[in-house]
Structures are given as C-alpha cells and as structure tokens.
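Dear colleague,

I am handing over the structure we spoke about, and it follows directly below. After it I set out what was found, so that you can check each point against the coordinates yourself.

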Amino acid sequence: MTLKLFIQAVLKFVLGIVLVGVLIFLPAGTISFFNGWLLMGVLFIPMLIAGVFMMLKNPSLLASRLDAKEKQREQGLVVKLSGLMFVLGFVVAGLDFRFGWYALPKGVSMGAAVVFLVSYVLYAEVMRENTYLSRTIEVQENQKVIDTGLYGIVRHPMYGVTVIMFLSIPIILGSLFSLIVFFAYPFIIAYRIKNEEIFLEKELSGYSEYKEKVKYRLIPFIW
C-alpha cells in the first residue's frame, strides 16, 4: 500500500458519497428521505469494508478497481451511458419522492436492500476468484483464463451480479419510474460483453476454448 493509493481511494470514496447524496437528496428537496439513506447505507458501508480489505490484503486489485479510464472507444461509450443512467435514475427517484408520483411499499424496498447486500457478497466472491478483474477492458501480464467457481457457470459473473445490484437500486429508493430508467442497464452491459469478448478472443490465450466450455455469457441456459 502506498500513500498515493490511500489518498486516491479516500478521495474517490468521499466524492462518491457527495455525488450520490446530491443526486438523490437535492431533487427530493429534503434530507428526510428514508429510502435515500437506506441506499447510501447499503451502497457505501460495504464499499468501505471492501476497500479497507483490499487496501490491506491486495492493494494491486484496489488500484485496478480505481482505474476507470477506458482505452477503447466502444467501452468508453458504455461508461458514459452507464453514468447517464445513474444520474437520471437518481434524479428521477428524488423527484418521485418529492412529488409523490408512485412510492413502492417500504417492505419491497427493504427486501431489495437485502438482495443488494447478497449481491455484494457474490461480487466479493467473483473478485476473490478472479484477481485480474479491473474496471477497464484489458489483458494484464501473465493473465490466464479463470474457469472455476462462478466462472464455470457463466463467462461474466461479475456483470451478472451488477445487473442484480443495479436493478435493486431504484427499488431500494422506492421509485418505479427510476426502475424504468435502470432497465437500460442490461442492454448496456450486453453491448459491453459482446465487445469485450471480441477483444479477449484476440488478446487472451485460451479464451476461445473457454467459450466452448462455458456456453452462457450472463444467464445460465438463456444467454
């Protein structure tokens, strides 16, 4: 662990809290928005725990997770579309609460929070299985194909988990209209996967054979 990495991690964490808080509570017109605080809790508390663990046990993985600058134009588009989806989804959820358009039952939001936390555990398991994971599409030095655990079921378990996590977010916020916005994510991630696999087949030895062994990209027996 280096001081630079520590500062970078802390700054990004704090910036994330501020940004999400502004996007949710400002449109809501109040900080007395229970669902907003519920999301902030399930989103940032596990993130803090995971960040501290990676900083102490695997700082190189943390560094790769903090590097979000895509080198490929197609993947850069995916990042921009995802960012736009989050901004619109959070703002719509805040406005939904402010103007009382349609509020999902509190029990549904609490259930979604549990689903989100379970998904976070699965996300951590994916990172444990594949230490080559980064937020950008790249092949690292000495990287090899991982085909065990969740990677023996689908080729992109991390993306599968993020679909569950991200579709849980608007439900945690109690906003049906925000959920409609977040339904763009499965289509965005499908585009990312198709482009990523073209890259991996060219650059990662053994990936073509892995595709023959594990047939499904994201959802077993479907796709």
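In helix α8, the buried residues are Y185, I188, I189, A190, R192, I193, N195, E196, E197, F199 and L200. An α-helix has 3.6 residues a turn, so residues three or four places apart point the same way. The length of α8 fits a regular helix, because its 19 residues, 185–203, should span 27 Å at 1.5 Å a residue, and the C-alpha atoms at its ends lie 26 Å apart. Please bear in mind throughout that this is a predicted model, and that the values below are computed from it.

As to the overall architecture, the protein chain holds 9 helices and 0 strands, so that the order of elements from the N terminus on is α-α-α-α-α-α-α-α-α. Of its 223 residues, 45% count as buried. Among the contacts in the chain with a separation of 6 or more, 78% are between residues 24 or more positions apart.

Helix α6 is where I would look next. Its 16 residues, 157–172, should span 22 Å at 1.5 Å a residue, and its end C-alpha atoms are 22 Å apart, which agrees. How many of the 16 residues of α6 are buried? The count is 14, so α6 is largely enclosed by the rest of the structure. F166, which is found in this helix, is itself counted as buried, because its relative accessibility of 18% is under the 20% cut-off. Leaving out residues up to four places away in sequence, F166 touches F86, F182 and Y185. The last of these contacts leads back to α8, since Y185 is among the buried residues of that helix; F166 and Y185 are 19 residues apart in sequence, and their C-alpha atoms are 7.7 Å apart in space. Just after α6, G174 takes a positive phi of about 75°.

Helix α5 has 24 residues and reaches 35 Å from its first C-alpha to its last, close to the 34 Å expected at 1.5 Å a residue. The buried residues in α5 are S109, A112, A113, F116, S119, Y120, Y123, V126, M127 and E129. Which backbone oxygen does the side chain of S109 reach? It is that of I171, at 2.8 Å. S109 lies in α5 and has a relative accessible area of 0%, so it counts as buried. Beyond its neighbours within four places in sequence, S109 is in contact with N35, L38, I171, I172 and G174, and G174 is the residue with the positive phi just after α6.

The second largest pocket, with a volume of about 330 Å³, also involves α5. Its lining is made up of 16 residues, and those nearest its centre are A50, F53, M54, A124 and M127. The elements that give two or more residues to this lining are α2 (34–57) and α5 (106–129), with α5 providing the largest share, 7 residues. By type, the lining residues divide into 12 nonpolar, 2 polar and 2 charged. M127, one of the residues nearest the centre of the pocket, is also listed among the buried residues of α5.

Towards the N terminus, I17 is found in helix α1, residues 3–28, and counts as partly exposed at 30% relative accessibility. Leaving aside neighbours within four places in sequence, I17 is in contact with M40 and F44. I17 and F44 are 27 residues apart in sequence, and 7.4 Å separate their C-alpha atoms.

Two residues later in the sequence complete the account. K213 is found in helix α9 and is exposed, with a relative accessible area of 56%; K213 and V154 are 59 residues apart in sequence, with their C-alpha atoms 10.0 Å apart in space. F221 is found in the segment after α9 (207–213), where it counts as exposed at 71% relative accessibility. Is the phi of F221 positive or negative? It is positive, about 70°, although F221 is not a glycine. Most residues other than glycine have a negative phi.

With best regards

Key: Residues are numbered from 1 along each chain as its sequence is written. This is a predicted model: local features need pLDDT of at least 70, side-chain atom pairs count only at pLDDT 80 or more; totals for chains, interfaces and linings use all residues. Side-chain values use heavy atoms; hydrogens and water are left out. On a 1 Å grid over the protein atoms alone, a cavity is a set of points where a 1.4 Å probe fits but cannot get out, and a pocket is an open set with protein on both sides within 12 Å along at least five of seven lines; lining residues have an atom within 4 Å of a point. Grid points are joined across faces, edges and corners, and a volume is the space filled by probe spheres set on the points. Helices (H or I, at least four residues) and strands (E, at least two) are DSSP runs, numbered from the N terminus. Ala, Val, Leu, Ile, Met, Phe, Trp, Tyr, Cys and Pro count as nonpolar, Asp, Glu, Lys and Arg as charged, and the others, Gly among them, as polar. The expected span of a helix is 1.5 Å times one less than its number of residues. Buried means under 20% relative accessible area, exposed over 50%, partly exposed in between (1.4 Å probe, protein chains only). A polar contact is a pair of N or O atoms within 3.5 Å; within protein, one must be able to donate a hydrogen and the other to accept it, and residues adjacent in sequence count only if both atoms are side-chain atoms. Contact means heavy atoms within 4.5 Å.
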